[in-house]
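Work through the exercises below with the model open beside you. Try each task before you read its solution.

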Amino acid sequence: MEGLKKEDLPYKPNKVDRQARCCYFKVALEQDIAFVRWIKRFEEDAEIIEPFYYREVLRQQLEKWISQYK
């Protein structure tokens with residue numbers, strides 16, 4: 001969350017739960033892949049909780065990367 005405060009965000013959270021350390025975003029469908037790429041910049045400090053489809057997209061990408069380095 002500290003990293004989000006320090007940068008000019010291309011996506012603004014529509015809800016911030018500081019206690020749970022979660023930010024919630026609403027993203028238009030035409031921005032979804034760009035949003036997932038943006039989230040990946042935060043590496044292990046970010047997690048896509050839902051929708052499940054985007055968790056799966058990210059998981060598949062990570063598995064592909066891992067297989068390249070085995």
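**Exercise 1.** Decide whether Glu47 is buried, partly exposed or exposed, then find which residue it pairs with in a salt bridge.

*Solution.* Step one: take the relative accessible area of Glu47, which is 57% in this predicted model. Step two: compare that value with the cut-off, since exposed means over 50%. Glu47 is therefore exposed. Step three: look for the partner. Glu47 forms a salt bridge with Arg55. The closest N and O atoms of the two are 2.8 Å apart. Step four: check the partner too. Arg55 has a relative accessible area of 31%, so Arg55 is partly exposed.

**Exercise 2.** Find how many salt bridges the model has, and which residues are linked in a network.

*Solution.* Start with the principle. Side chains of opposite charge can pair when their charged atoms come close. Now count: the model has 3 salt bridges. One of them joins Glu47 and Arg55. Next, turn to α3. Glu56 pairs with Arg59, at 2.2 Å from N to O. Arg59 also pairs with Glu63, at 2.3 Å from N to O. Glu56, Arg59 and Glu63 are thus linked in a network of salt bridges.

**Exercise 3.** Explain why the network residues lie about one helical turn apart, and state how exposed Arg59 and Glu63 are.

*Solution.* Take the spacing pair by pair. Glu56 and Arg59 are 3 residues apart in helix α3, so about one helical turn separates them. Arg59 and Glu63 are 4 residues apart in α3, and again the separation is about one helical turn. Then recall the geometry. An α-helix has 3.6 residues a turn, so residues three or four places apart point the same way. Last comes exposure. Arg59 is partly exposed, at 36% relative accessible area. Glu63 is partly exposed as well, at 44%.

**Exercise 4.** List the residues of the largest nonpolar core, and say which element supplies the largest share.

*Solution.* List the members first. The largest nonpolar core has 8 residues: Phe35, Val36, Trp38, Ile39, Phe42, Ile48, Tyr54 and Leu58. Then assign them to elements. Both α2 and α3 supply at least two residues of this core. The largest share is 4 residues, and it comes from α2.

**Exercise 5.** Work out where the buried residues of α2 fall around the helix.

*Solution.* Collect the buried residues of α2: Asp32, Phe35, Val36, Trp38 and Ile39. Now look down the axis of α2. These buried residues fall within an arc of 160°, so they line one face of the helix. For the chain, set this against the total: buried residues make up 19% of its 70 residues.

**Exercise 6.** Locate the cis peptide bond and the loop where its proline is found.

*Solution.* Begin with the usual case. Most peptide bonds are trans. Here, a cis peptide bond joins Glu50 and Pro51, with omega about 5°. Pro51 is found in the loop between α2 (32-40) and α3 (52-68). Ala46 is also placed in the loop between α2 and α3. With a relative accessible area of 27%, Ala46 is partly exposed. The C-alpha atoms of Ala46 and Cys23 are 9.7 Å apart, though 23 residues separate the two along the chain.

**Exercise 7.** Name the residues of the nonpolar surface patch, and find where Tyr69 sits.

*Solution.* The patch is made by Leu62, Trp65 and Tyr69, and its area is about 380 Å². Tyr69 lies in the segment after α3. Its relative accessibility is 72%, so Tyr69 counts as exposed.

**Exercise 8.** Give the order of the elements, and find where confidence is lowest and highest.

*Solution.* Count first: the chain has 3 helices and 2 strands. From the N terminus, the order is α-β-β-α-α. Then turn to confidence. The mean pLDDT of the chain is 78, and 84% of its residues reach 70 or more. Confidence is lowest in helix α1 (residues 2-6), with a mean of 53. Confidence is highest in α3, at 90.

Technical notes: Residues numbered from 1 in each chain as written. Predicted model: local features only at pLDDT ≥ 70, side-chain atom pairs only at ≥ 80, totals over all residues. Heavy atoms only, no water. Patch = residues over 30% accessible without salt bridge, like charges linked within 9 Å, V, L, I, M, F, W, Y side chains within 5 Å. Areas by Shrake-Rupley, 256 points an atom, 1.4 Å probe, with all protein chains shown as cover. Salt bridge = Lys/Arg side-chain N within 4 Å of Asp/Glu carboxyl O. Buried < 20%, exposed > 50% of the residue type's maximum accessible area, 1.4 Å probe, protein only. Core = buried A, V, L, I, M, F, W, Y, C linked by side-chain atoms within 4.5 Å. Arc of directions from axis to C-beta. pLDDT = per-residue confidence, 0-100.
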